[in-house]
Amino acid sequence: MTSARRSRIPEERELRLWRVGRALTLIFAAAVLVAGGVFYSLVLLLDVQEIDRTAKLDAKTLFDLVKLSFGVVAGAGALVALVVAYRRQRVDEAGAHREATRLHTERFSQAVDKLGSDFPAVRLGGVHALAGLADDAPDDDLRQTCVDVLCAYLRLPHSPDPGDDPAHLEEHHHYLALREVRHTILRLIGDHYRRPEGTHRSWQGCDLDLTSTVIDGRLDFSGATFSGGTVNFSGATFPDSNVNFSGATFPDGLVDFRGARFSDGFADFYGATFSGGYLNFRGAKFSDSMADFSSATFSDGLVDFGGAAFPGGGVNFDRARFSGGRVTFRGARFSGGFVDFHGTAFSGGTVDFSGATGPIPRGLLDTGDTPPAGVTQSSAWLRSAS
């Protein structure tokens, strides 16, 4: 799913305008024809309709007709002036856009240079500069470019923490400083995604490519709306981290956690609403981690993840692995969209559907009427089965 509603560049719109010479020629020709037509029609009206049968067409009447015809020409001239003014305005707008793009490019180069600095404080300045550029970008494409660079920085490999041994104290401090840069990017992304779409500093609708990223801090998307864009965490690693999607809304976006690995972390989707959006945990691994979908709502049509079609909202845990982890759907509401657990393996993990309403998730009872060990069914499902 790619980002929608990309704005067209003003220069492209300008190219569709008629050339000034052609427009003026056509307008003058039309003015002459209109003036001649008015003059002829008035003469014909006075002669044929015989408005005044006793008087012939005298010089004064003829002069008035000529003045009226020239009045029409003057009106056409005013129209020409409007066309020229319109053209000049469009050219000025195109020039202003080119100037804004040039300044944006210069600032972008400076910000990227800061990201490559050996000093963490300078890199931190580059992060804030890129975020500001994304906010002030002249069009959506340039905003997406800034977001792509920030995501690319997060995907870069980095050295592990050498520990707080006094012999490696300097390297440890350098690691902590660079980690602060990464955490700042995560915080800025979450802050911008929580802003309403269409408002200043909103990044909703942008694509986030965080594939194979190591996210070792807090990523806060609480209350965000995922519409029109793709957030890709495929193959990402979440060691002892907190990913917060509580209260988020998924009207039509895609958040992809395929093959992601959660170890000693927490993915919070409490109260989230899936109404056409798609959350994919296919092949994800939860090791001593927790995913909370309590009070979440899954609606807007039937979801068939086995056939790779998802017109409604839902979550796919196909072939996910739970070893010591815990997933809770307490009080979740399934009304159309639903959760797929086809091929999921539970090894010491637990899944709690207490208080959930709606149809039983797909694949949960593939082995018979009894759910796998560690799975707590909703009492409503037990009553319907009995």
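**Notes on a predicted model, starting from its cavity**

1. Let's start inside. The largest cavity is lined by Leu154, Arg182, Leu186, Thr213, Val214, Ile215 and Asp216. Sorted by class, that lining comes to 4 nonpolar, 1 polar and 2 charged residues. Its volume is about 40 Å³, and the structure holds 1 cavity of 30 Å³ or more. Keep in mind as you look around that this is a predicted model.

2. Now step back for the overall picture. The protein's secondary structure adds up to 7 helices and 22 strands. There are 386 residues, and 41% of them count as buried. If you take the contacts with a separation of 6 or more, 66% are made by residues 24 or more positions apart.

3. Next, try tracing the sheet. Seven strands make an open sheet with parallel pairing, and you can follow them in the order S2-S5-S9-S13-S17-S21-S22. Which strands sit at the edges? They are S2 (218-220) and S22 (375-376), and each of these pairs on one side only.

4. It's worth zooming in on one pair from that sheet. Strand S13 covers residues 290-292, strand S17 covers residues 326-328, and the two pair in the parallel sense over 3 bridges. If you want a landmark, look for aspartate 292, which stands opposite threonine 328 in S17.

5. On to the greasy part. In soluble globular proteins, nonpolar side chains tend to be buried together. Here the largest nonpolar core has 72 residues, and the members that touch the most others are Phe233, Phe293, Phe317 and Phe329. Helices also feed into this core: H3 (59-115), H4 (120-136), H5 (140-155) and H6 (169-193) each supply at least two residues.

6. Pick phenylalanine 293 and see who surrounds it. Leaving out residues up to four places away in sequence, Phe293 touches Phe269, Phe274, Leu279, Phe281, Phe298, Val315, Phe317, Val327, Thr328, Phe329 and Ala332. Two names should ring a bell: Phe317 and Phe329 are also among the core members with the most contacts to other members. Thr328 is familiar too, as the residue opposite aspartate 292.

7. One last residue to check is histidine 192, which you'll find in helix H6. Is histidine 192 buried or exposed? It counts as buried because its relative accessible area is 1%, and the cut-off for buried is under 20%. Setting aside neighbours within four places in sequence, histidine 192 is in contact with Asp135, Arg201, Ser202, Trp203 and Gln204.

Terms used
Residues numbered from 1 in each chain as written. Predicted model: local features only at pLDDT ≥ 70, side-chain atom pairs only at ≥ 80, totals over all residues. Heavy atoms only, no water. Pairing = 2+ DSSP bridges. Helix = DSSP H or I, 4+ residues; strand = E, 2+ residues; numbered from the N terminus. 1 Å grid on protein atoms, 1.4 Å probe; cavity = no way out; pocket = protein on both sides within 12 Å on 5 of 7 lines; lining within 4 Å. Points joined across faces, edges and corners; volume = space filled by probe spheres on them. Nonpolar A, V, L, I, M, F, W, Y, C, P; charged D, E, K, R; others polar. Core = buried A, V, L, I, M, F, W, Y, C linked by side-chain atoms within 4.5 Å. Buried < 20%, exposed > 50% of the residue type's maximum accessible area, 1.4 Å probe, protein only. Contact = heavy atoms within 4.5 Å.
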